[in-house]
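Welcome! Take a moment to look over the sequence and the 3D view, then read on for a short tour.

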Amino acid sequence: MSLQLLDLASLQRLRDQNPAWRLLTAAHAPLVVSFLHQAFVATNRRTETQQALSLRLEDHLHAAREMGFDAPRAAEAYLDEWASNSNGWLRKFYPSGSDEAHFDLTPAAERAIQWIARLLERRFVGTQSRLMTVFQLLTDMVEGSELDPSTRLADLQRRKDQIEAEMDEIRGGRLAPMDAPALRERFQQMESTARELLADFRELEQSFHALDRDVRQRITAWEGGRGELLDDILGERDAIAASDQGTSFRAFWDFLMSPERQEELTRKLDRVFELTAIEALSPDPRLRRIHYDWLEAGEATQRTVAKLSEQLRRYLDDRAFLENRRIMETIREIERAALAMKDDPPEGVVAAVDGTSPDVALPLERPLFIPPFEARLSTGVLLADEEVSAEELFEQVAVDRERLRSNVREALQRRDRVSLAELVNAYPLQHGLAELVTYFAVASEDDRALIDESAVQRIDWNVEGGKGRTAEVPRVIFTRSST
């Protein structure tokens, strides 16, 4: 993205319309920023009910009044003011199935809070890691866009030689670990990038809500056919999914949904937090589980998209119902007019209809001749070579769903989320494929479970006789709580 020219007119318009600028210039900005940071950013809360948020704000206002801040109004009045169109720092909405208002931080307010946080004096300013990041990004772009095989092979050979030289150094006992300033510098850059990634999800949700409002406006003002409307809406949705933003989010989600990647991130974060140089920084403990916050934010974004799609479908169904009702009212008017002239019909033919529908007969639609099937019954009696028990014909396999739900609850007591493969390893299947299918039924009934059809996981179990069975199924993730 090229650097935009900050001309006077653009800056004037930005100051008048941008919520982030309004927050920075507000008279009570310290009060608003401190509360929004504590309520949403520091704890990574995606949404909060009005009652819970009002209680937190009342405590915050009480502490502010003791410090001398002028805050005469009640907490709910401040929340409504911050969510109004004139400010735009909070988004107030009513979730499906709830009559209580919920609040969420807007992306503009989060950008302002992040900018203010950068104004705080950092413990040190590191440049080496960022310079190396620039070089690495340039290297990736140059090597990734190279079409000459010989050049690509030469680059790979050079990297191979560097790795082998480093391995020889280690074998010779010359191991040079990274020094403390370099570790702290990279940790600071990692922390900043990780938190910025969380803020990106609110940008995604806002773009989806903006798309939903635009689609509803077009549906209301549409004068063409329903087929043309659906084609226009679905075409725009496909364009968004294929855009750079949609493609990048899909790749990010596929990468993060891998259990191996999650375990790798957990191991590396634990190892980094145990380093002496990092402990001296007193890092935020919540950063240790930042990848789980990414998952919760991504799941919330996907659930938002699903809810918007459901609401849009219901909106289209309501319009179709209104259109059908208008047609029925027109038919009833015709019937009433016909009944009114029943006793005194007009002379001559008023109207004539040859048929209610055209009668079309196409020769190619005639079915080809098929000889009739003649069943032949054999009167012979089959004799078994050995005695066969008929009890096996009446044996039935009953899978206890409550036992499976209990397995899920017990596994989630020790972890925030667990995959179906991990669940089967901890609780082996007793009834084979029937029990595996029942797990999918349990997941489909649980709002906190996620079924990712774009990824495949492998489930192994044993049957009688010690024989192994394997099934490849969509990935299922059970979570402890929903966002």
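## Around Leu90

Let's start inside this predicted model with Leu90. Setting aside neighbours within four places in sequence, Leu90 is in contact with Leu36, Phe40, Leu79, Trp82, Ala83, Phe103, Asp104, Leu105 and Thr106.

## Two nonpolar cores

Leu90 is also one of the residues with the most contacts inside the largest nonpolar core, along with Phe35, Leu36, Leu57, Leu79, Trp82 and Trp89. This core has 29 residues. Several elements each give two or more residues to it: α2 (19–24), α3 (29–41), α4 (50–66), α5 (75–82), β3 (102–105) and α6 (107–119). The largest share, eight residues, comes from α3.

Another core lies apart from this one. It has 22 residues, among them Leu429, Phe440, Ala443 and Ala449.

## A look at Arg417

Now find Arg417, which sits in strand β4 (residues 417–419). Is Arg417 buried or exposed? Arg417 counts as buried because its relative accessibility is 7%, and the cut-off for buried is under 20%.

Which residues does Arg417 touch, not counting those up to four places away in sequence? They are Gln262, Tyr292, Leu295, Glu296, Glu299, Leu412, Ile477, Phe478 and Thr479.

## The whole chain

Stepping back, the protein chain contains 17 helices and six strands. Of its 483 residues, 29% are buried. The chain exposes about 34100 Å², with carbon and sulfur atoms supplying 55% of that area.

Finally, consider the contacts with a separation of 6 or more: 64% of them are between residues 24 or more positions apart.

Terms used: Residues numbered from 1 in each chain as written. Predicted model: local features only at pLDDT ≥ 70, side-chain atom pairs only at ≥ 80, totals over all residues. Heavy atoms only, no water. Helix = DSSP H or I, 4+ residues; strand = E, 2+ residues; numbered from the N terminus. Buried < 20%, exposed > 50% of the residue type's maximum accessible area, 1.4 Å probe, protein only. Contact = heavy atoms within 4.5 Å. Areas by Shrake-Rupley, 256 points an atom, 1.4 Å probe, with all protein chains shown as cover. Core = buried A, V, L, I, M, F, W, Y, C linked by side-chain atoms within 4.5 Å.
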